[in-house]
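Subject: Structure handover

Hi,

Here is the structure I promised to pass on. Please open it next to this email, and I will walk you through what turned up.

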Amino acid sequence: MKAFPADCEMQLPEKCKNKYGGIAFDGTYFYITCPGSYEIIKYDRCFCTVQCFQVPRPYACICYDSHSDCFWCSVNNCTKKLFKLDLSFDEIGCIPLNLHEKCGGSITGISFDCTKNCLMICLPKFIIKIDTQAGKCRRILKRNCKIWNMGICAISPSTAVIEVGSCRQYLSFYTESFIRKHRLLLPKNYVAKAIVFVPCGFQGLQNQFYILAVKQGRTVVLRWELPYCDMRIARCNFDICPEPPCPEPPCPEQPCPKPPCPKPPCPKPPCPKPPCPKPPCPKPPCPKPPHPRPPKPQHKSCASVIESVALMEAALSHILNAEGEKLQKIIAATDDVDKILSANKIINEMVINATHLEIVLHNKLVAIKDFCVEKDDCKCHCEKPPYKDKII
């Protein structure tokens with residue numbers, strides 16, 4: 001499967017102290033959260049800053065509710081509540097989440113389903129549907145240990161999910177009954193964090209989706225046009241779009257001008273006798289291009305293994321960072337020693353498992369070291385190494 005390239009890449013200004021969190025669209029503007037600086041930044045369609053809102057909590061995931069004309073947000077490492085915000089980002093309510101402990105992990109994505117007036121919540125191993133009126137939760141998808149959910153977007157009645165599995169990132173499209181219908185491979189030089197659907201037309205484009213991603217430490221926004229024509233899109237998705245301006249009346253018809261009188265044609269000069277044709281020069285034979293040297297198969301294999309190890313290291317860093325933030329939150333929220341020790345025990349088990357995985361990754365690199373470095377190329381490697389990163 002080939003990677004699906006983005007139609008456009010827009011780089012965001014690095015205003016947040018840490019990193020951007022989630023992205024939402026209300027039909028006119030984009031809203032991106034900054035958990036580290038307790039901010040929500042408002043952008044126009046060209047991602048120029050319009051306004052910056054200070055908020056009381058480190059909101060991470062965000063979505064726009066077109067029925068209630070409000071926003072729903074989650075807080076990092078908190079799976080007990082969803083917060084309801086007005087258009088000025090003041091808290092006006094919340095929904096308690098009675099999630100089982102086995103659901104685990106923090107919320108990685110929120111989206112609003114306009115056909116059923118409910119919220120779709122994405123956890124690393126589960127996707128849950130929540131009724132905004134009754135506050136009831138219902139699990140609709142459970143993952144195996146090889147796939148992780150990183151973001152969700154309701155394109156009613158379908159759903160798009162950012163998935164990570166086998167050291168690759170995918171964008172999967174599910175039907176209303178949550179049967180996977182399409183799957184796209186995302187470019188490997190991006191780390192996708194959040195996704196939002198934009199049905200409103202802009203610059204001649206319509207039915208686009210935007211992905212908030214990280215590329216070489218910089219936050220960018222990637223834009224794609226929906227590539228599938230067989231996906232049904234409900235009418236309520238377009239309710240957030242502003243009404244187009246009234247078309248201008250057509251110009252009144254004017255009488256056609258009479259054509260001018262035709263001028264008599266000029267007399268043609270006599271045709272000159274053509275010169276005797278010269279015999280064509282013989283064409284030299286085309287030189288055959290040299291045969292390209294085929295790439296060595298072991299180089300491709302080594303690159304794939306090293307790339308898989310790098311992606312696993314990135315995933316481990318996110319997991320360890322989340323565990324550290326979880327412990328800090330528990331210490332700040334309670335003084336109960338038993339609760340702190342219990343949480344520390346769980347985090348220690350996670351760190352031990354991560355250490356075992358690090359040993360496996362190290363052994364994998366050691367195992368391919370002799371296979372990737374050939375004896376005939378030792379001299380070249382000593383003079384000028386082909387790779388910037390050394391294998392330890």
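A definition to begin with: two strands count as paired if DSSP finds at least two bridges between them. Please also keep in mind that this is a predicted model.

With that in hand, have a look at the hairpin of β16 and β17. Strand β16 (residues 168-174) and strand β17 (residues 180-185) run antiparallel and are joined by five bridges. One of the residues to look up is phenylalanine 173, whose bridge partner in β17 is histidine 182. Five residues lie between the two strands of this hairpin, and phenylalanine 178 in the turn has a positive phi of about 60°.

Next, an open sheet. Four strands make it up, in the order β2-β3-β4-β5, with antiparallel pairing. β2 (23-25) and β5 (49-54) each have a single partner strand and stand at the edges, so one side of each has no neighbour in the sheet. From one strand to the next, the twist averages 20°. Within this sheet, β3 (residues 30-34) and β4 (residues 39-43) are linked by five bridges in the antiparallel sense. Threonine 33 has isoleucine 40 in β4 as its bridge partner.

Now for the empty space inside. How many cavities of 30 Å³ or more are there? The count comes to four. The largest cavity holds about 300 Å³ of space. It is lined by 22 residues, and those closest to its centre are Phe25, Tyr64, Phe112, Ala154 and Phe197. Several strands contribute at least two residues each to this lining: β2, β6 (59-65), β10 (109-113), β14 (147-155) and β18 (191-198). What is the character of the lining of the largest cavity: nonpolar, polar or charged? It divides into 18 nonpolar residues, four polar and no charged.

The second largest cavity has a volume of about 80 Å³. Its lining divides into four nonpolar, four polar and four charged residues. Among the residues that line the second largest cavity are Asp113, Lys116, Lys129 and Glu176, along with Met120, Pro157 and Thr159. Two names from earlier come back here: Ala154, one of the residues closest to the centre of the largest cavity, also lines the second largest, and Phe178, from the turn of the β16 and β17 hairpin, is in that lining too.

Happy browsing, and do write back if you would like to go through any of this together.

Best wishes

Definitions and conventions
Residues numbered from 1 in each chain as written. Predicted model: local features only at pLDDT ≥ 70, side-chain atom pairs only at ≥ 80, totals over all residues. Heavy atoms only, no water. Axes fitted to C-alpha atoms, helices over the stretch in contact; angles between N-to-C directions. 1 Å grid on protein atoms, 1.4 Å probe; cavity = no way out; pocket = protein on both sides within 12 Å on 5 of 7 lines; lining within 4 Å. Points joined across faces, edges and corners; volume = space filled by probe spheres on them. Nonpolar A, V, L, I, M, F, W, Y, C, P; charged D, E, K, R; others polar.
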